[in-house]
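This briefing covers the salt bridges, aromatic pairs, strands and largest pocket of one protein chain. Please read the points below alongside the sequence and the structure.

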Amino acid sequence: WKETAVEDMTEAQWQETMSINLLGVFLCCRAAIPFLKQTDSGRIINISSTAGQRGEPYHAHYSASKGGVQSFTKSLAGELASRGITVNCVAPGWVDTEMCEEPFQGEGRRRIEATIPLGRVGRPEEIAGPVLFLASSLASYITGEVFNVNGGSVLCG
């Protein structure tokens, strides 16, 4: 997501981000719910971002879309709980992925890591672990939660 001040952001940029990050989650959940209701069980795990909790300057579209995923998760958890379906969200911070290559260039990675209490960016498998936990029977009494996986960069919840 390209850095853009709100006054310079086009509606097309805003809509594209909302379509990918928020509408995409809605459509996937809507398609899965009828199948999950047939068994009165199941897990929905949405992926958000720390940006949805704290906002990100020059990334208002991204932050708003990820905050929307978190609110949508909570709303859906309330709708589906009586059917034995849990709905949770994992909110990663900075992770060493292709999406972060540009901000990590030059001194970028060092500056970012300096803001993370654990002193480093996460690895993809460190995000996968909490997702697996939420999908397991160990998390059967957890619903409507935003599971923060960010090395301590956003302390909330």
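Asp 40 and Arg 83 form a salt bridge, with 2.6 Å between their closest N and O atoms; the term denotes a side-chain nitrogen of Lys or Arg within 4 Å of a carboxyl oxygen of Asp or Glu. Asp 40 lies in the loop between helix 1 and strand 1 and Arg 83 in the loop between helix 3 and strand 2, so the pair ties together parts that are 43 residues apart in sequence. Helices (H or I, at least four residues) and strands (E, at least two) are DSSP runs, numbered from the N terminus.

The model is predicted: local features need pLDDT of at least 70 and side-chain atom pairs count only at pLDDT 80 or more, while totals for chains, interfaces and linings use all residues. Residues are numbered from 1 along each chain as its sequence is written, and side-chain values use heavy atoms, with hydrogens and water left out.

**Salt bridges**

- Asp 40 is partly exposed at a relative accessible area of 43%, the class between buried (under 20%) and exposed (over 50%), computed with a 1.4 Å probe on protein chains only.
- Its partner Arg 83 also counts as partly exposed, at 30% relative accessibility.
- The whole structure contains eight salt bridges.
- One of them joins the side chains of Asp 96 and Arg 109, at 3.4 Å from N to O.
- That pair links distant parts of the chain, since Asp 96 is in the loop between strand 2 and helix 4 and Arg 109 is in helix 4, 13 residues apart.
- Asp 96 is partly exposed at 40% relative accessibility, and Arg 109 is partly exposed at 27%.
- Arg 120 forms a salt bridge with Glu 126, where the closest N and O atoms are 2.6 Å apart.
- Salt bridges with shared partners join Arg 120, Arg 123, Glu 125 and Glu 126 into one network.
- Within this network, Arg 120 is partly exposed at 34% relative accessibility, and Glu 126 is partly exposed with a relative accessible area of 24%.

**Aromatic pairs**

- There are two aromatic pairs, defined as rings of Phe, Tyr and Trp (its six-membered ring) with centres within 6.5 Å; planes under 30 degrees apart count as stacked, over 60 as edge-to-face and the rest as tilted.
- The ring centres of Phe 26 and Phe 72 are 6.3 Å apart and the ring planes stand at 75°, so this pair is edge-to-face.
- Phe 26 belongs to helix 1 and Phe 72 to helix 3, which places the partners 46 residues apart in the chain.
- Phe 26 is partly exposed at 32% relative accessibility, and Phe 72 is partly exposed at 22%.
- Phe 133 and Phe 147 make a tilted pair, with 6.1 Å from centre to centre and 40° between the planes.
- Phe 133 is in helix 5 (residues 124–135) and Phe 147 in strand 3 (residues 146–149), 14 residues apart.
- Phe 133 is partly exposed with a relative accessible area of 28%, and Phe 147 is partly exposed at 29% relative accessibility.

**Strands**

- Strand 1 (residues 42–47) runs parallel to strand 2 (residues 85–92), and six bridges join them; strands pair if DSSP finds at least two bridges between them.
- Arg 43 has Thr 86 of strand 2 as its bridge partner.
- In a regular strand, side chains alternate between the two faces of the sheet.
- The covered face of strand 1 holds Gly 42, Ile 44 and Asn 46, and the uncovered face holds Arg 43, Ile 45 and Ile 47.

**Helix 1**

- Ala 31 is found in helix 1 (residues 11–39) and is partly exposed, with a relative accessible area of 45%.
- The C-alpha atoms of Ala 31 and Ala 77 are separated by 16 Å, the two residues being 46 apart along the chain.

**Largest pocket**

- The largest pocket encloses about 840 Å³ of space.
- On a 1 Å grid over the protein atoms alone, a pocket is an open set of points where a 1.4 Å probe fits, with protein on both sides within 12 Å along at least five of seven lines; lining residues have an atom within 4 Å of a point.
- Grid points are joined across faces, edges and corners, and the volume is the space filled by probe spheres set on the points.
- Of the 27 residues lining the largest pocket, His 59, Trp 94, Met 99, Cys 100 and Pro 103 are the closest to its centre.
- Helix 4 supplies the largest share of the lining, three residues.
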